[in-house]
Amino acid sequence: MLIEQYLPIAILLAIAIVLSLIVVFISRIMGPFRPTAKKLSPYESGMTPMGPAVRRFPVKFYLVAVLFILFDVEVIFLLPYSILVQDLGVYGLITVSIFLTVLTIGFIYEWKKGALEWE
Amino acid sequence: MDIPTLESLNLLAVLPAIILAAYTGLLLVVDLFIPNENKQRTALLAILGLGATGVALGVQINQYSAIGDQMAFGGLVIVDGYALFLQGIFLLSAILGILMAMNYLPRRGIERGEYYSLILFTTVGSMFMALANDLMVVFVALELLSIPLYVLSAFIRDDPGSEEAGMKYFLLGAFSSAFFVYGVALIYGGTGTTSLDGVAAVLAGEALNLPLALVGMGLLLVGLGFKVAAFPFHMWTPDVYQGAPTAATGFMSVGAKVAGFAALIRVLVTAFPGAAQAWGLLVIAIAILTMILGNVTAISQSNAKRMLAYSSIAHAGYILVALSAAQFPELAQEASSAALFYMLTYTITNLGAFAVVMAIEKDDGSGVEIEDFAGLAKSRPAVALMMLIFMLSLTGLPVSAGMVGKFFVFGVAINAASQSVWLAIVAIVGVLTSVVSAFYYMRIVYMMYMRDGDEEAEYPAIKPALGTALAVTGIGTLVLGFLPTLLFDAAQRALIAGL
């Protein structure tokens, strides 16, 4: 593999960097800048901001996030499989079944362990 | 699109690993329905599964001389003598690890069924490490091996030491996995393949992208160096070994290390014979530094678990001595069989040593200082005798497995010394540091036999499971020490022929 083949990628990278710099800074350079306290406050859908942004929240959310990955990964793999279902035939069906079985074991485990219950 | 056929998958060749993988998933679910006070049943079921896998493996080993090497999963996996031998070691260490845990976990009040499932998961990972013939398989197996071990080291949830062990092991382990993957990526970039044979073929053909593949190889060495705890990637070992529950420490001090070496030897010898000079010199340097650091630092330890951690670093150095001789193609086979034999002796001996530590450890996890061995010969003569055997074996003194292992390892290095003076140096450093190691191993023996301990010291009762583990490791250490002494040449020839 030759290094020149990477040239288009390098050009794309350069364009992306330059363009994003322009987009970020052009309004700052060209536009008027007259700050007030209201303008500088964080944007919360037009409401008056209440409280700091960094707050304590239940550690259970982390568990939910981890459990979510189980199904997230499932979808990531099932989506491309659904396109190739015809070509892969029985082999694909068996492979995906094994994959789903493994995930199901994880699901049964978290269910029986009570990880899905909030209280 | 190419769809693999049943012939190219050749599932029968990897049947033991598949049986164990399926059984582990099943055990995880079955364990959910076993009440908390009956978790010993999970342990027995786990041993049953390992036994069934062992039977399948035994059938394979029996047929091996007739069938020979086999490929499976379209060449991703290779079943040869090397893989079969290592799978046997992994099954043995898993069974012994579970037997020890069966006694230890209830005493510490941490018996949960997941412990046994996690050991099985790690064992499946180790087995695929030995079977792998492709860098991607090595990586997936490495993760399957490592992640359960992170959990096992943090298994005493309310103990800060165990938490620290789990966290440190996880962070550094994840870091080293990243090194490994980056290495695989660079090798793929340099050679266009991740198959071990493919990499070797490309490197033999043209040296166009050799630098890229060489850097990748170096990164693989870093990643696997972490797993086997070789200098300078050993930093995590003492803290993790000390903080983790002793049953887990004993298991991971052999399981993870042997699996790491399984992949390291296979990758370097199969994929990089073309760059043997480069990695040969690296491995020699790491081996010398690892042996010196492990043995010298172990002297100053007062905690038995920590001392065994440094000793396990030192033993990684001895295995690297054998690996460094594998850089010469004509010696590669002899060197890898020496390493294999050494790993077998190390597995049995080290598990035994940790079983003894478990036998004197108190229910709150204290009582594992070297001072606590004082007077053990009077209060627990059988356990003290076992420890004497294990310490002799770890030192490498005669009539023990360790002596035979060291003989093979240093022997192959000396055979290679005519090719490069560095091999002579590494062998000399190995012998000298073995002498140094006698100091700290014999200190435990001195404590047990020469010093009077606390008369009222109460040791926990040894239950049948731990007793069995102690007996198996003790007898194994002696048998491996005696038989090859009688049949030395025959054993060596058989080992080489079988691989």
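Start with helix α1 of chain A, which runs over residues 7–30 in this predicted model. How far apart should its ends be? At 1.5 Å a residue, its 24 residues should span 34 Å, and the end C-alpha atoms turn out to be 33 Å apart, so the two figures agree. Still, the helix has a kink to look for: at V24(A), α1(A) bends by about 35°.

Now check what surrounds that helix. Hardly anything covers α1(A): of its 24 residues, the number that count as buried is zero. To count as buried, a residue needs 20 or more other C-beta atoms within 10 Å of its own.

Next, move over to chain B. Here you'll find 20 helices and two strands. Is this chain compact or spread out for its length? Its radius of gyration is 22 Å, and the globule rule gives 23 Å for 499 residues; the values are close, so chain B is as compact as a globular protein of that length. Along the principal axes, its C-alpha trace spans about 70 × 55 × 45 Å.

The inside of chain B is worth a look too. Buried residues account for 58% of its 499 residues. Then there's the matter of who touches whom: take the contacts in chain B between residues at least 6 apart in sequence, and 79% of them join residues at least 24 apart.

Finally, see where the two chains meet. Nine residues of chain A are in contact with seven residues of chain B. On the chain A side of that meeting place, six of the residues are nonpolar, one is polar and two are charged.

How values were computed. Residues are numbered from 1 along each chain as its sequence is written. Chains are lettered from A and ligands numbered from 1 in the order in which they are written. This is a predicted model: local features need pLDDT of at least 70, side-chain atom pairs count only at pLDDT 80 or more; totals for chains, interfaces and linings use all residues. Two residues are in contact if their C-beta atoms, placed from the backbone, lie within 7 Å. Ala, Val, Leu, Ile, Met, Phe, Trp, Tyr, Cys and Pro count as nonpolar, Asp, Glu, Lys and Arg as charged, and the others, Gly among them, as polar. Helices (H or I, at least four residues) and strands (E, at least two) are DSSP runs, numbered from the N terminus. The expected span of a helix is 1.5 Å times one less than its number of residues. The bend at a residue is the angle between axes fitted to the seven residues ending there and the seven starting there. A residue is buried if 20 or more other C-beta atoms lie within 10 Å of its own, exposed if 12 or fewer, and partly exposed in between; C-beta atoms are placed from the backbone. The radius of gyration is taken over C-alpha atoms; the globule rule is 2.2 Å times the number of residues to the power 0.38.
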